Amino acid sequence: MSDATPNLPDAAVPSLSPVDHARVLTRVLLSPVVKGPIVRRPRVVGLAERIDLDSAGVAEMQRLRSRYGAGPVQLRIPGRRIALLLAPEDVHRVLNEGPEPFSPATLEKRGALNHFEPGSSLVSSAQQRLSRRPFNEQVLETDRPVHSHAEQMTAIITEEVEALLGHADFTGTLDWDGFAVMWGRMIRRIVLGNGAREDDQVTDDLRRLRDRGNLSYLMPQNRRLRERFLGRLQVYVDRAEPGSLAAMVAQTPAPADAEPVQQMPQWLFAFDAEAWATFRALALLVSHPGAAEDARAEMAGAVPASPGAEAAPRTEGRADAGPAGPCGPRDQPLLRAAVLESLRLWPTTPLILRDSTADTRWRNGTLPAGAGLVIFAPFFHRDDQTLPEAHRFSPELWSGDRDDSDWPLVPFSGGPGMCPGRNVVLLTASLVLGEMLRQRRLTAEKPLDTGKLPGTLSPFHLRFAVRRG
Ligand code: HEM
């Protein structure tokens with residue numbers, strides 16, 4: 001048995017009352033499920049924004065904490081034990097102690113992700129993770145803030161943003177639909193190579209598989225479609241276009257059970273979350289007084305960061321400048337922090353899930369092996385009873401290293417299951433934002449009050465006025 005607190009009763013962790021159980025289902029867990037866990041449903045997200053569903057979830061979690069103490073608390077779901085975490089130290093514990101006794105490959109994730117990436121490290125056994133997780137880390141260069149492909153990424157981003165804004169000049173408006181088309185082209189070029197720019201088929205195939213993933217076990221797997229999709233990815237790996245991540249997949253030595261090509265769907269899929277986060281970060285930057293000007297000043301005066309620059313792995317907001325290169329991609333801490341703030345305020349992975357592989361002890365009892373553990377990230381990110389910055393745009397939260405003595409802000413999860421793509425995300429998102437702010441003056445159609453931000457913000461309904469100069 002894994003011990004958090006020894007010498008405690010063997011009684012089970014307390015369950016919620018039937019009324020509280022119903023409230024948690026409708027106010028906390030319903031929102032991420034109906035918005036679409038694998039592919040978002042923009043209309044539902046718009047509706048959730050109108051009724052601010054996520055604030056209701058945070059308020060409900062605060063109520064549970066005042067009623068049940070530090071928890072955890074069990075839900076009453078027939079055939080499945082699930083516990084909600086209420087205390088910050090439990091969040092750190094569960095994220096740090098993986099993949100055993102807290103495995104990221106939960107029943108729910110396997111149901112959804114097996115539709116398109118059954119070999120992904122995220123749904124793998126502890127044994128399989130031994131080769132799959134390091135493979136992801138090698139290609140994504142997890143601990144390096146500036147990926148070695150940063151120059152190619154910068155060139156792609158500059159071109160694609162220029163094309164997008166050129167198009168926006170005709171209407172004077174930038175909306176989600178235009179941004180999403182640009183994003184798809186950019187990501188295909190970065191991941192698969194320039195030759196994939198117009199390969200809508202690969203994105204459509206993944207989209208159809210993800211649609212099935214939204215319905216998890218309720219939907220049979222479409223193996224033929226999955227084979228076609230994975231076969232297409234293999235073509236790009238064989239082509240290994242220089243500067244693409246596909247080329248790195250081809251060149252990175254890996255044992256056969258690392259399933260290199262099957263790691264790639266997670267990247268393509270997860271870049272979607274980055275698109276939402278980037279569009280929301282843009283809204284924050286152009287709404288917050290002085291932020292866009294500060295970002296432009298930072299870009300104009302920043303120290304160029306060498307692609308080889310190393311940073312402490314725990315550092316999120318700061319990209320340490322390495323030895324200055326003549327025209328290397330730039331260090332943009334403010335833009336990185338804006339992206340992190342966007343992810344704190346509106347986490348794109350609101351439910352971080354783990355399954356226990358052994359009986360575990362807690363301050364209020366035990367949980368048997370096979371129990372699911374749920375971290376509802378918005379509760380920890382927007383808990384205004386604990387975090388004074390809860391609803392304010394506060395990039396300074398990310399100016400230093402955060403560790404387990406800090407309140408958990410976990411947009412990228414944490415511990416050995418932490419997102420290995422986080423530095424690629426922060427680099428590419430900040431490059432996109434930097435280019436947009438450099439090339440045009442943008443204003444939000446409905447500016448955000450950055451001192452009192454809403455609990456739910458649909459990226460699909462944001463619009464910006466665009467002008468030159
Ligand atoms: C805003 C963008 C992103 C966010 C917020 C994000 C967040 C996360 C989170 C929370 C997890 C862990 C899930 C869990 O604990 O169960 C995760 C896992 C993962 N992410 Fe990301 N991610 C993003 C983008 C990306 C991108 C662009 C890539 C690749 C290029 C990537 C690669 C991965 C991989 C491979 C895993 C599985 C790690 C493992 O098996 O241990 N992510 N991500």
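Is R354 buried or exposed in this predicted model? R354 counts as buried, at 5% relative accessibility, where buried means under 20% relative accessible area, exposed over 50% and partly exposed in between, computed with a 1.4 Å probe on protein chains only.

The model is predicted, so local features need pLDDT of at least 70 and side-chain atom pairs count only at pLDDT 80 or more, whereas totals for chains, interfaces and linings use all residues. Residues are numbered from 1 along each chain as its sequence is written, and side-chain values use heavy atoms, with hydrogens and water left out.

## Overall fold

The chain contains 16 helices and 10 strands; helices (H or I, at least four residues) and strands (E, at least two) are DSSP runs numbered from the N terminus. Its radius of gyration is 22 Å, close to the 23 Å that the globule rule gives for 469 residues, so the chain is as compact as a globular protein of that length. The radius is taken over C-alpha atoms, and the globule rule is 2.2 Å times the number of residues to the power 0.38. The C-alpha trace spans about 65 × 50 × 45 Å along its principal axes. Of the 469 residues, 57% are buried. Contacts (heavy atoms within 4.5 Å) also reach across the sequence: among those between residues at least 6 apart, 78% join residues at least 24 apart.

## The ligand and its shell

The ligand is surrounded by 26 residues, and the closest are K109, S121, R129, R133 and C419. A residue is near a molecule or strand if one of its heavy atoms lies within 4 Å of it. Polar contacts in the table and below are pairs of N or O atoms within 3.5 Å; within protein, one atom must be able to donate a hydrogen and the other to accept it, and residues adjacent in sequence count only if both atoms are side-chain atoms.

| Side chain | Partner | Distance |
|---|---|---|
| K109 | oxygen atom of the ligand | 2.4 Å |
| S121 | oxygen atom of the ligand | 2.3 Å |
| R354 | oxygen atom of the ligand | 2.9 Å |

The elements that give two or more residues to this shell are α6 (126-140), α12 (260-287) and β5 (351-356). Helix α12 provides the largest share, 6 residues. By class, the shell has 13 nonpolar, 8 polar and 5 charged residues. In this classification Ala, Val, Leu, Ile, Met, Phe, Trp, Tyr, Cys and Pro are nonpolar, Asp, Glu, Lys and Arg are charged, and the others, Gly among them, are polar.

The iron atom of the ligand has C419 (SG) as its only protein donor, at 2.3 Å. Donors are N, O and S atoms within 2.8 Å of the metal (3.2 Å for Na, K and Ca), and sites may look incomplete, since water is not among the atoms. C419 is placed in the loop between α15 (377-381) and α16 (422-439).

## R354 and Q263

R354 belongs to strand β5. Besides the ligand oxygen, the side chain of R354 has a polar contact of 3.2 Å with the side chain of S413. R354 and F102 are 252 residues apart in sequence, yet their C-alpha atoms are 5.6 Å apart in space.

Q263 is located in helix α12 and counts as buried, at 1% relative accessibility. The side chains of Q263 and N136 are joined by a polar contact of 3.1 Å. Not counting residues up to four places away in sequence, Q263 touches G119, S120, S121, R132, F135, N136 and A258. Among these, S121 is also one of the residues closest to the ligand.

## R189 and D175

R189 lies in helix α8 (residues 176-192) and is buried, with a relative accessible area of 9%. Two acidic side chains pair with R189: E159 through a polar contact of 3.1 Å and E160 through one of 2.7 Å. Beyond four places in sequence, R189 touches I156, E159, E160, N194, R197 and S244.

D175 is found in strand β4 (residues 173-175). In contrast to the buried R189, D175 is partly exposed, with a relative accessible area of 26%. A polar atom of the D175 side chain lies 3.1 Å from the backbone nitrogen of G178. Leaving aside neighbours within four places in sequence, D175 is in contact with F279, L462 and R463. The C-alpha atoms of D175 and F460 are separated by 7.9 Å, although these residues are 285 apart along the chain.
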